[in-house]
Amino acid sequence: MSATATINIRVPPEQRAIIDRAAKALGKSRSAFILETAAAAAEDVLLNQRHFELDPEQWAALAAALDAPPQPSLLLRRLLTSPAPWEAGA
C-alpha cells in the first residue's frame, strides 16, 4: 500500500451539503469525490499552463507547417472515409 497524506479543509455547511449530494449521486464517499474532482481540476489547470517560446524563425516554420495542407496518404484517406467509432455498426 502506498503512503498517503492528510488534507484538512473547512467548508460552509451549504457547500458540504452540495458535495455530499454530488458524491451520493455518483455512489462515492465524500473523500473519494473530493479527491477525484480536485485531482481532475488540478490536471486541467496544469495542462492549461503549458508554455513554450519560439524565436521568429522557429515560429515561422511552425506556422508554415500548421498552415500547409496534409500530404495525401493511404492512412489519411482511410481515416477520413471510415465511420467514426460512434457511427460504426449504425
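## Glu36 and Lys28

In this predicted model, Glu36 counts as partly exposed, with a relative accessibility of 42%, and its side chain pairs with that of Lys28 in a salt bridge whose closest N and O atoms are 2.1 Å apart. Lys28 is likewise partly exposed, at a relative accessible area of 31%. Both values lead to this label because partly exposed covers the range between under 20%, which is buried, and over 50%, which is exposed. Side chains of opposite charge can pair when their charged atoms come close.

The bridge between Glu36 and Lys28 belongs to a set of three salt bridges found by a search of the whole structure. Salt bridges that share partners also join Arg16, Asp20 and Arg30 into one network.

## The network around Asp20

Asp20 forms a salt bridge with Arg16, in which the closest N and O atoms are 3.7 Å apart; this separation qualifies because a salt bridge is counted within 4 Å. The two residues both lie in helix H1, four residues apart, which is about one turn of the helix. Asp20 is partly exposed at 26% relative accessibility, and Arg16 is also partly exposed, at 41%.

A salt bridge also connects the side chains of Asp20 and Arg30, with an N to O distance of 2.5 Å. This pair links distant parts of the chain, since Asp20 sits in helix H1 and Arg30 in helix H2 (residues 30-47), the two being 10 residues apart. Arg30, at 33% relative accessibility, counts as partly exposed.

## Helix H1 and the residue after it

Helix H1 covers residues 13-25, and its length can be checked against its number of residues. At 1.5 Å a residue, the 13 residues of H1 should span 18 Å, and the end C-alpha atoms are 18 Å apart, so the expected and computed values agree. The expected span is 1.5 Å times one less than the number of residues. Just after H1, Gly27 takes a positive phi of about 70 degrees.

## A nonpolar patch before H1

Which residues form a nonpolar patch on the surface? They are Ile7, Ile9 and Val11, and together they have about 320 Å² of accessible area. Ile7 is found in the segment before helix H1 and is exposed, with a relative accessible area of 73%; the label follows because exposed means over 50%.

Ile7 can also be placed relative to a residue much further along the sequence. Ile7 and Thr81 are 74 residues apart in sequence, and their C-alpha atoms are 50 Å apart in space.

## The largest pocket

Rolling a probe the size of a water molecule over the atoms shows where empty space is left. The largest pocket in this model has a volume of about 400 Å³. Its lining includes the patch residues Ile7, Ile9 and Val11, together with Thr4 and Ala5. Arg16 and Arg30 are also among the lining residues, as are Ile19, Ser31, Ile34, Leu35 and Ala38.

H1 and H2 each supply at least two residues of this lining, and H2 gives the most, with five residues. Arg16 and Arg30 therefore appear in two settings, since they line the largest pocket and also take part in the network of salt bridges that includes Asp20, for which a side-chain nitrogen of Lys or Arg lies within 4 Å of a carboxyl oxygen of Asp or Glu.

Key. Residues numbered from 1 in each chain as written. Predicted model: local features only at pLDDT ≥ 70, side-chain atom pairs only at ≥ 80, totals over all residues. Heavy atoms only, no water. Patch = residues over 30% accessible without salt bridge, like charges linked within 9 Å, V, L, I, M, F, W, Y side chains within 5 Å. Areas by Shrake-Rupley, 256 points an atom, 1.4 Å probe, with all protein chains shown as cover. Buried < 20%, exposed > 50% of the residue type's maximum accessible area, 1.4 Å probe, protein only. 1 Å grid on protein atoms, 1.4 Å probe; cavity = no way out; pocket = protein on both sides within 12 Å on 5 of 7 lines; lining within 4 Å. Points joined across faces, edges and corners; volume = space filled by probe spheres on them.
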